[in-house]
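Please walk me through this structure, starting from its interior and ending with its aromatic rings.

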Amino acid sequence: MYNPIFTFYILDGKNYVKYTRERFDVIMNDANYAVATTSASLFTKEHFETCSKKLASGGILSTWIT
């Protein structure tokens, strides 16, 4: 369903967040599991710090905790 209030990006989110100048109200760090080899880079201190810097004032980061 299309909603003009939201912009969805389905791509390599880690690099998109790292290199964009945009600020976000919500960043969803939605991976399979932190222990999965392909998802491990989404659960590093560096990635969480990058996301923190890209959040708009009052923005939130959502992630898996297992």
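Which residues make up the largest nonpolar core? In this predicted model, that core consists of five residues: Val17, Phe24, Ile27, Cys51 and Leu55. In soluble globular proteins, nonpolar side chains tend to be buried together.

Leu55, one of the core residues, has contacts beyond its sequence neighbours. Leaving aside residues up to four places away in sequence, Leu55 touches Arg23, Phe24, Asp25, Ile27, Ile60 and Leu61. Phe24 and Ile27 also belong to the core.

The chain around this core has two helices and two strands, arranged from the N terminus as α-β-α-β. Of its 66 residues, 20% count as buried. The exposed surface of the chain comes to about 5500 Å², with 57% of that area supplied by carbon and sulfur atoms. Among contacts between residues at least 6 apart in sequence, 62% join residues at least 24 apart.

The aromatic rings come next. A pair of aromatic rings is described by the distance of the centres and the angle of the planes. The structure holds two such pairs. In one, the ring centres of Tyr16 and Phe24 lie 6.4 Å apart and the planes meet at 55 degrees, so the pair is tilted. Phe24 is buried, at 13% relative accessible area, whereas Tyr16 counts as partly exposed because its relative accessibility is 23%. For Phe43 and Phe48, the ring centres are 6.4 Å apart and the planes stand at 75 degrees, so this pair is edge-to-face. Phe48 is partly exposed, with a relative accessible area of 27%.

Key:
Residues are numbered from 1 along each chain as its sequence is written. This is a predicted model: local features need pLDDT of at least 70, side-chain atom pairs count only at pLDDT 80 or more; totals for chains, interfaces and linings use all residues. Side-chain values use heavy atoms; hydrogens and water are left out. A nonpolar core is a set of buried Ala, Val, Leu, Ile, Met, Phe, Trp, Tyr and Cys residues joined through side-chain atoms within 4.5 Å. Buried means under 20% relative accessible area, exposed over 50%, partly exposed in between (1.4 Å probe, protein chains only). Contact means heavy atoms within 4.5 Å. Helices (H or I, at least four residues) and strands (E, at least two) are DSSP runs, numbered from the N terminus. Accessible areas come from the Shrake-Rupley method with a 1.4 Å probe; for residues, only the protein chains shown count as cover. Rings of Phe, Tyr and Trp (its six-membered ring) pair if their centres lie within 6.5 Å; planes under 30 degrees apart count as stacked, over 60 as edge-to-face and the rest as tilted.
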